[in-house]
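These are my notebook entries on a structure I had not examined before. I set down what I looked up, one topic at a time.

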Amino acid sequence: MLFHSLEFVFFFPLVVALFFLLPHRFRWVLLLVASYYFYMSWKAEYAVLIIFSTLIDYFAARRMERHTEKSKRKKYLILSIVSNIGLLFAFKYFNFFSAEVRESLAQFNMFYDSPLFEILLPVGISFYTFQTISYTIDVYRGDRSAEKHLGYFALYVSFFPQLVAGPIERSTRLLPQFFQEKRFEIGRVVDGIRLMLFGFFKKLVIADRLAVYVNNVYGAPDEYSALTLLVAVYFFAFQIYCDFSGYSDIAIGAARVMGYDLMENFRRPYLSRSVSEFWRRWHISLSSWFKDYLYLPLGGNRVSKSRWSFNIVTVFVICGLWHGANWTFVAFGVLHALYLLFGAWTKGIRARLKTNISGYVDSKVGRALQIVITF
């Protein structure tokens, strides 16, 4: 089921009505059933993957809490990470890497009959695997205790508003909210519906309309002029923004209607003045996830310049691969890493240049004003 499907138009009001009619102690059951139905309406058998991730991480976290020795806790963390990344790799990346190995070996007349699996990519798998991994890492670090209630934890993994396209929530933010009793508040409900409608507008009216133009031009670029291609490039930038941020708005608004607060995912990213600022505004839940669970554990910027550069490139290459199994996404990650590194390397030079230019302009303007005043 997708947010912009007719099925969701009937599904969501029914869930909200039942949510507020039921006593608080039964609401998690309703939301869990609704979340699994929401996911299984796309491809029912893939719900097994969510259940598998849920059980593995629930077990790993509970076992970690029984031990104080870091070495014993770490093996359960590794179990969680390997299980989740293994699922993600099998369904999203296996065919890509298998094909690359086959082509590389063929260059040396070594032929490898690599298997290719004709399977659909499970919708939302990149989102909920990262969400469950962050939970076990939080438990390992001691940032939160292991959740004892399997039902509430399963709901955290599969909560339908943000299951398919995020935001990628943290257990420290979302899980405690499920234990809080939510009351019907008309102002909050109206605010949530308003945000949902704005999301639908961005997705259906802007993104989907721009997609018609973009797809036509990108489908046959040789048939169009340079100006048309340039317009298509800019249209595509707004298409992907309105498509993704529209989905995020719908998710945040739907959760808000029921009283749950999801993190902001986009903050006017195209108004950024630098690449680093862009990544603080674009897909915030993902960029902050990489910062907290990959960049900082690698050492962040508390290392030598060469190691810091390595950390930046590593994070952005993995970020590119997260978006898709293709060399174009790897190039996307490398390019953004180079942008960010270039900005950091030239920061001092640019600051001095700006100061000198400002001083020069100010002196010229001041001199011109003196001449005018004297005259």
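The entries below concern helix packing and salt bridges.

**Entry 1. The model.** I note at the outset that this is a predicted model.

**Entry 2. Helices α5 and α6.** I recalled that two packed helices are described by the angle between their axes and the distance between the axes. I therefore looked up both values for α5, which spans residues 125–141, and α6, which spans residues 150–158: the axes come within 9 Å and cross at roughly 135°. The pair is therefore oblique, since an angle must be over 145 degrees to count as roughly antiparallel. I then asked which residues of α5 and α6 make the contact. On the α5 side I found Tyr128, Gln131, Thr132, Ser134 and Tyr135. On the α6 side I found Phe153, Tyr156 and Val157. Sorted by class, the contact holds five nonpolar residues, three polar ones and no charged ones.

**Entry 3. Glutamate 169.** I located glutamate 169 in the loop between α6 and α7. Is glutamate 169 buried or exposed? Its relative accessible area is 0%, so I recorded it as buried, the limit being under 20%. I next listed its contacts, leaving aside neighbours within four places in sequence. They include Gln131, Ser134 and Tyr156, residues that I had already met in the contact of α5 with α6. The other partners are Gln162, Leu174, Asp261, Leu262 and Met263.

**Entry 4. The salt bridges around glutamate 169.** I looked up the count of salt bridges and obtained 16. One of them joins arginine 173 to glutamate 169, with the closest N and O atoms 2.8 Å apart. Arginine 173 has 30% relative accessibility and is therefore partly exposed, whereas glutamate 169 is buried. I also found that a network of salt bridges links Glu169, Arg173 and Asp261. Asp261 had appeared in Entry 3 among the contacts of glutamate 169.

**Entry 5. A salt bridge within α8.** I turned to arginine 194 and aspartate 191, whose side chains meet in a salt bridge at 3.6 Å, N to O. Where do the two residues lie? Both are in helix α8, which covers residues 186–219, and they stand three residues apart, about one turn of the helix. For arginine 194 I recorded a relative accessible area of 51%, which means that it is exposed. Aspartate 191, at 30%, is partly exposed.

**Entry 6. Arginine 273 and glutamate 277.** I looked up a further salt bridge, between arginine 273 and glutamate 277, and found the closest N and O atoms 3.8 Å apart. Arginine 273 is exposed, its relative accessible area being 78%. Glutamate 277 counts as buried, at 11% relative accessibility.

**Entry 7. Helices α12 and α13.** I returned to helix packing with α12, residues 305–323, and α13, residues 327–345. Their axes come within 7 Å and cross at roughly 150°. That angle makes α12 roughly antiparallel to α13. I noted the crossing as right-handed. I then listed the residues that meet. From α12 these are Trp308, Ser309, Ile312, Val313, Phe316, Val317, Gly320, Leu321 and His323. From α13 they are Phe329, Val330, Phe332, Gly333, Val334, His336, Ala337, Leu340, Leu341, Ala344 and Trp345. How many residues of each class does this contact hold? I found 15 nonpolar, five polar and no charged residues.

How values were computed: Residues are numbered from 1 along each chain as its sequence is written. This is a predicted model: local features need pLDDT of at least 70, side-chain atom pairs count only at pLDDT 80 or more; totals for chains, interfaces and linings use all residues. Side-chain values use heavy atoms; hydrogens and water are left out. Axes are lines fitted to C-alpha atoms, for helices over the stretch in contact, and angles run from 0 to 180 degrees between N-to-C directions. Helices (H or I, at least four residues) and strands (E, at least two) are DSSP runs, numbered from the N terminus. Angles under 35 degrees count as roughly parallel, over 145 as roughly antiparallel, 65 to 115 as roughly perpendicular and the rest as oblique. Contact means heavy atoms within 4.5 Å. Ala, Val, Leu, Ile, Met, Phe, Trp, Tyr, Cys and Pro count as nonpolar, Asp, Glu, Lys and Arg as charged, and the others, Gly among them, as polar. A salt bridge is a side-chain nitrogen of Lys or Arg within 4 Å of a carboxyl oxygen of Asp or Glu. Buried means under 20% relative accessible area, exposed over 50%, partly exposed in between (1.4 Å probe, protein chains only). A crossing is left-handed if the near helix is turned anticlockwise from the far one by less than a right angle, and right-handed if clockwise.
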